Amino acid sequence: MTYCVGIEVNEGLVFAADTRTSASFDDVRVYRKMHVFEWPGERVFVIMSAGNLATTQLTLSKLQRDVDDPNASRSLRTFSHLYEVAEYVGEMLVASQARVVDDAQQSGVNVQSTLILGGQIAGERPGLYMVYPLGNCIATSPETPYLQIGESKYGKPILDRIIRPETSLEDAARCALVSLDSTIRSNLSVGMPVDMALLRNGDLKISQKMRMEADTPLYAEIHDTWSRKLEAAVHSLPRFPWEPPQEREAPPAGLPAMPPRRVPSRQDPGDAQGQQQ
């Protein structure tokens with residue numbers, strides 16, 4: 001399973017994704033689900049994926065092939081608008097699924113994938129799209145300024161409560177990490193390490209990029225602080241009428257120590273760019 005979230009605020013875009021991929025109960029691996037195509041000063045795109053890994057890798061290979069071909073009539077470098085890029089990526093996704101769908105149907109394997117595409121082209125503001133397996137796509141809106149793919153239900157509440165277009169880029173990034181942390185805590189099929197990237201409006205390149213393990217100091221502090229303050233908030237809620245008055249006025253008792261986090265997964269082998277920067 002997978003969990004990826006993209007957030008659009010006035011200051012730019014936030015991307016965050018886990019890296020756990022499971023082929024079976026005892027075959028758990030680490031694969032990058034966040035992929036960057038970047039031409040600084042001209043355009044930058046980030047693609048996050050959920051679903052069949054082979055389909056995703058084939059789609060990304062097709063996109064890279066067209067980028068590397070100077071005679072290609074269409075590629076990530078040729079479009080003038082982000083929605084055109086989303087349509088093109090959708091076409092590549094459908095073609096990749098169709099290539100293996102006949103054999104896969106006979107074996108009962110689901111070859112569908114869903115993508116989140118975000119980025120900015122010079123002359124436009126940043127944008128965020130979800131690309132469905134059928135190739136169609138939707139964009140974020142002021143009412144729903146975020147998109148999720150994969151195991152989304154555990155990480156949705158904080159996004160609904162906090163994220164607004166006027167939310168700062170860094171606060172949106174913290175919400176994305178809490179959203180992932182909540183999902184990892186409640187679902188074993190989503191796991192560390194976590195990749196995060198920020199695209200600030202006008203930078204036309206990835207502004208910040210990090211890979212975090214469970215014991216990365218920043219992630220560990222966010223994990224512990226959120227857990228303790230959430231528990232403290234429950235203790236501070238209004239008391240029921242039948243509770244003794246003295247209990248209502250008494251300060252909350254000291255919080256117990258948090259349980260240990262799960263052992264971090266293996267890092268993406270041979271991938272130096274994914275390390276914390």
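Tryptophan 242 is exposed, with a relative accessible area of 66%, where exposed means over 50%, buried under 20% and partly exposed in between, for a 1.4 Å probe and protein chains only. The model is predicted, and for that reason local features need pLDDT of at least 70 and side-chain atom pairs count only at pLDDT 80 or more, whereas totals for chains, interfaces and linings use all residues. Residues are numbered from 1 along each chain as its sequence is written, and side-chain values use heavy atoms, with hydrogens and water left out.

**Aromatic pairs**

- Rings of Phe, Tyr and Trp (its six-membered ring) pair if their centres lie within 6.5 Å, with planes under 30 degrees apart counted as stacked, over 60 as edge-to-face and the rest as tilted; the count by this rule is 3 aromatic pairs.
- The rings of tryptophan 39 and phenylalanine 45 are edge-to-face, because their centres are 6.4 Å apart and their planes stand at 70°, and both of these residues are buried.
- Phenylalanine 240 and tryptophan 242 form a stacked pair, 4.6 Å centre to centre with 5° between the planes; phenylalanine 240 is partly exposed, at 49% relative accessibility.

**Nonpolar cores**

- The largest nonpolar core (a set of buried Ala, Val, Leu, Ile, Met, Phe, Trp, Tyr and Cys residues joined through side-chain atoms within 4.5 Å) has 29 residues, and those with the most contacts inside it are Val5, Ile7, Val14, Leu159, Ile163 and Met196.
- Elements giving two or more residues to this core include β1 (3-9), β2 (12-17), β11 (194-200) and α4 (169-186), with helices (H or I, at least four residues) and strands (E, at least two) taken as DSSP runs numbered from the N terminus; the largest share, 9 residues, comes from α4.
- Another core, of 21 residues, lies apart from it and has Leu60, Val85, Val89 and Leu117 among its members.
- Isoleucine 163 is in contact (heavy atoms within 4.5 Å) with Ile7, Val9, Pro145, Ile158, Ala172 and Cys175, leaving aside its neighbours within four places in sequence.

**Sheet and helix**

- An open sheet of 5 strands follows the order β10-β1-β2-β11-β12 with antiparallel pairing, two strands being paired if DSSP finds at least two bridges between them.
- β10 (146-150) and β12 stand at the edges with a single partner strand each, so one side of each has no neighbour in the sheet.
- β2 and β11 run antiparallel and are joined by 6 bridges; glycine 12 has arginine 200 in β11 as its bridge partner.
- α4 lies across β1, β2, β11 and β12 and runs at about 160° to β11, where axes are lines fitted to C-alpha atoms, for helices over the stretch in contact, and angles run from 0 to 180 degrees between N-to-C directions.
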